[in-house]
Amino acid sequence: MEITSSAGREVVLWANTNLPVVKIGELFTGKIYHNDGYDWTQMDVSEGTKTLDFTVDAPGNITRLDVWRGRFGGSEPWNASQVFNPPVRLTIQNPQPGRYYLRVYDHGVWEGSQVREYSIRVAGPKLTLSKQVAPAFAAPESELAYTLTYGNTGQEPATGVVIEDTLPD
């Protein structure tokens with residue numbers, strides 16, 4: 001755990017915990033519990049990723065996305081914000097592989113509960129792979145047909161994909 005003092009009376013607390021994971025090509029939904037609240041997530045970026053296109057939807061009148069690579073508050077920060085005009089959009093070109101930390105800030109006073117949901121979508125490849133065998137039941141020495149089906153339902157081309165399958169003897 002690391003506690004550091006920053007400008008003014010703000011104290012930054014950083015603990016090595018398992019944060020919720022945002023995955024490229026999938027929608028993530030989180031919650032912010034205060035009218036000037038933050039929520040933290042993490043994501044892993046693999047080698048060969050060309051672009052990270054973030055879209056954040058939140059109900060507040062000021063929303064900001066902060067992204068760091070490698071370590072929260074590290075030397076590679078990116079951020080974007082919107083006032084009265086969601087969603088927030090942020091693009092990182094040619095990101096280095098590794099762990100990225102994301103912080104969503106949302107401001108807005110609500111009647112009653114201050115809990116509100118936000119969503120993050122990171123455009124990118126979303127790969128699927130399935131394997132089928134036919135027939136489902138076979139006698140000894142009979143032939144089987146294996147079918148591998150690969151797809152990309154994401155918004156970015158998948159590159160460098162290698163599929164290996166070891167068949168039983």
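## Strands, core and a buried threonine

Strand 5 and strand 8 run antiparallel and are joined by 6 bridges. Keep in mind as you look around that this is a predicted model. Within that pair, F54 has L90 of strand 8 as its bridge partner.

**The open sheet.** Strands 5 and 8 belong to an open sheet of 4 strands, ordered 3-10-5-8, with antiparallel pairing. Strand 3 and strand 8 sit at the edges, each pairing on one side only. On average, neighbouring strands of this sheet are turned by 20 degrees against each other, ignoring direction. As a reminder, strands of a sheet pair through backbone hydrogen bonds, which can be parallel or antiparallel.

**Around strand 9.** Now click over to strand 9, which is mostly covered, with 7 of its 10 residues buried. Strand 9 is joined to strand 4 and also to strand 6, and the table puts these pairings beside the one from the opening.

| Strand pair | Bridges | Direction | A residue and its partner |
|---|---|---|---|
| strand 5 and strand 8 | 6 bridges | antiparallel | F54 and L90 |
| strand 4 and strand 9 | 10 bridges | antiparallel | M43 and Y100 |
| strand 6 and strand 9 | 8 bridges | antiparallel | D66 and R103 |

**The nonpolar core.** Which residues of the largest nonpolar core touch the most other members? They are M43, L52, F54, L65 and I120, out of 22 residues in that core. Strands 3, 4, 5, 6, 8, 9 and 10 each supply at least two residues of this core. M43 and F54 have already come up as bridge residues, M43 opposite Y100 of strand 9 and F54 opposite L90 of strand 8.

L65 is a good one to pick out on screen. Leaving aside neighbours within four places in sequence, L65 is in contact with F54, V56, W78, N79, A80, V88, L90, L102, R103 and V104. That list includes both F54 and L90, the two residues that are bridge partners between strand 5 and strand 8. R103 is on the list too, and R103 stands opposite D66.

**T49 in its loop.** Finally, have a look at the loop between strand 4 (36-45) and strand 5 (51-57), where T49 is found. Is T49 buried or exposed? T49 counts as buried because its relative accessibility is 11%, and the cut-off for buried is under 20%. Its side chain reaches the backbone oxygen of S46 at 2.9 Å. Not counting residues up to four places away in sequence, T49 touches I24, N94, P95 and E156.

Key
Residues numbered from 1 in each chain as written. Predicted model: local features only at pLDDT ≥ 70, side-chain atom pairs only at ≥ 80, totals over all residues. Heavy atoms only, no water. Buried < 20%, exposed > 50% of the residue type's maximum accessible area, 1.4 Å probe, protein only. Polar contact = N/O pair within 3.5 Å; in protein donor to acceptor, adjacent residues only side chain to side chain. Contact = heavy atoms within 4.5 Å. Core = buried A, V, L, I, M, F, W, Y, C linked by side-chain atoms within 4.5 Å. Pairing = 2+ DSSP bridges. Axes fitted to C-alpha atoms, helices over the stretch in contact; angles between N-to-C directions.
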